[in-house]
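Thank you all for coming; today I would like to walk through one structure, slowly and piece by piece. Please have the display in view, and then we can begin.

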Amino acid sequence: MDSNLLKVFVKVADLGSLSAACKDLHCVQSNVTARVKQLEDSVGWTLFHRKPRGVILTKAGEKLYEYASEIVRKIEEAEQSMKYLGHAGSLRIGSTESNAAVRLTPILTKLHKEYPKIEFQLLTGTTQHITELLLDYKVDLAFVSGYPHHPDLKVLHQYEEIMVLIESTIGEIPSVILGFRQGCTYKEFLEDFMKKQGAPDFRTMEFGSLDTILGCVAAGMGRAIVPLKVVEKLGNKEALKIIRLPKEQENIPT
């Protein structure tokens, strides 16, 4: 049974007129009449009684209308759902803590304004953790540190980050690296950097938040590597010593 024929049938039944239906469907009356006749031939029953001023459903038409109206409604719902698939539902975003701190608020604000029906979910963590969530389809897109080389990942946009080494401005700095949990790109970079600088004997302290890391660095507990934008936005500049890295090492893209 052709769904297009059912749409015409339901429209004629709802309006009680072939001429009114043709205006609503933006087609000539002969087309509407032909489609009603085609549906009647298909089901083997007369569906309308013709009157001088319109039509009414026959018993067979009333029975078909019960099913046809529901089918047409479901088809229209499906069409609308697919048409606006990208403008409703939810968008799950994964992000490193540093990117969330300096970049995501204006992005999420803009998206919410343009797509108010979308529910946004933000999950933060280390690059390794966020990448695993993306590969497991637990987030829809992710902001990570360092260029991902996994064959199943596609880079949509790249932000250049100027990285800086931060230390406290007071006292002697212990040989301690402060960073996030396992899988933190910045912490791993600093560990490698320290080894290349001839300081292999260092300890690592792991934390769960960016504010804690910055606070502990300012207190003189160790050193960390972060994007310059993070220091500019969140850091206590008077308590932090900002050290630029060599030009060839200062960029870790997001």
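Before I come to the strands, one definition is needed: two strands are said to pair if DSSP finds at least two bridges between them. Please also keep in mind that what you are looking at is a predicted model.

With that definition in hand, let us turn to strand β3, which covers residues 90–95 and pairs with β4 in the parallel sense over six bridges. Looking along this pairing, you will find Ile93 opposite Leu122 in β4, and Gly94 opposite Leu123 in β4. The two strands belong to an open sheet of three strands, whose order is β4-β3-β5 and whose pairing is parallel. The edges of the sheet are formed by β4, at 119–124, and β5, at 141–143, each of which pairs on one side only. On average, and ignoring direction, neighbouring strands here are turned by 25° against each other. As general background, strands of a sheet pair through backbone hydrogen bonds, and they can do so in a parallel or an antiparallel way.

How do we get from β3 to β4? The connection runs through helix α5, residues 97–114, and β3, α5 and β4 together make a right-handed β-α-β unit.

Helix α5 also brings us to a salt bridge, one of the 14 that a search of the whole structure finds. Arg103 forms a salt bridge with Glu161, and the closest N and O atoms of this pair are 3.0 Å apart. Since Arg103 lies in helix α5 while Glu161 sits in the loop between β5 and β6, the pair ties together parts that are 58 residues apart in sequence. Are these two residues buried or exposed? Both Arg103 and Glu161 are buried.

A second pair of this kind is Arg223 and Glu167, whose side chains meet in a salt bridge at 2.8 Å, N to O. Here Arg223 lies in the loop between α8 and β9 and Glu167 in strand β6, so that parts 56 residues apart in sequence are tied together. Both Arg223 and Glu167 are buried as well.

The third pair begins at Glu40, whose place is in helix α3, residues 29–43. Glu40 forms a salt bridge with Arg50, the closest N and O atoms being 3.6 Å apart. Arg50 is in strand β1, residues 48–51, and the two partners are 10 residues apart. Why does Glu40 count as buried? Glu40 counts as buried because its relative accessibility is 9%, and the cut-off for buried is under 20%. Arg50, by contrast, counts as partly exposed, at 46% relative accessibility. Leaving aside neighbours within four places in sequence, Glu40 is in contact with Trp45, Thr46, Leu47, Phe48 and Arg50. Before we leave the charged residues, I will also mention Glu70, Arg73 and Glu77, which are linked in a network of salt bridges.

Let me now move to the nonpolar interior. The largest nonpolar core has 33 residues, and those touching the most other members are Ile166, Leu178, Leu190, Ile213, Val217, Ile225 and Leu245. Two or more residues are given to this core by each of β6 (163–168), β7 (176–180), α7 (185–196), α8 (210–218), β9 (224–227) and α9 (228–234). Which element contributes the largest share? That is α8, with six residues.

Val217 deserves a moment of its own: apart from neighbours within four places in sequence, Val217 is in contact with Ile166, Glu167, Ser168, Leu178, Gly222, Arg223, Ala224 and Leu240. Among these contacts are Glu167 and Arg223, the two partners of the salt bridge I described at 2.8 Å. Another core, of 18 residues, lies apart from the largest one, and among its members are Leu5, Val12, Ala21 and Leu39.

My last stop is Ala239, which is found in the loop between α9 and β10, the latter at 240–244. At 15% relative accessibility, Ala239 counts as buried. Not counting residues up to four places away in sequence, Ala239 touches Glu167, Ser168, Thr169 and Ala218. The C-alpha atoms of Ala239 and Gly215 are separated by 9.2 Å, with their positions 24 residues apart along the chain.

Definitions and conventions:
Residues are numbered from 1 along each chain as its sequence is written. This is a predicted model: local features need pLDDT of at least 70, side-chain atom pairs count only at pLDDT 80 or more; totals for chains, interfaces and linings use all residues. Side-chain values use heavy atoms; hydrogens and water are left out. Helices (H or I, at least four residues) and strands (E, at least two) are DSSP runs, numbered from the N terminus. Axes are lines fitted to C-alpha atoms, for helices over the stretch in contact, and angles run from 0 to 180 degrees between N-to-C directions. A nonpolar core is a set of buried Ala, Val, Leu, Ile, Met, Phe, Trp, Tyr and Cys residues joined through side-chain atoms within 4.5 Å. Buried means under 20% relative accessible area, exposed over 50%, partly exposed in between (1.4 Å probe, protein chains only). Contact means heavy atoms within 4.5 Å. A crossover is right-handed if, with the strands pointing away from the viewer, the path from the first strand over the helix to the second runs clockwise. A salt bridge is a side-chain nitrogen of Lys or Arg within 4 Å of a carboxyl oxygen of Asp or Glu.
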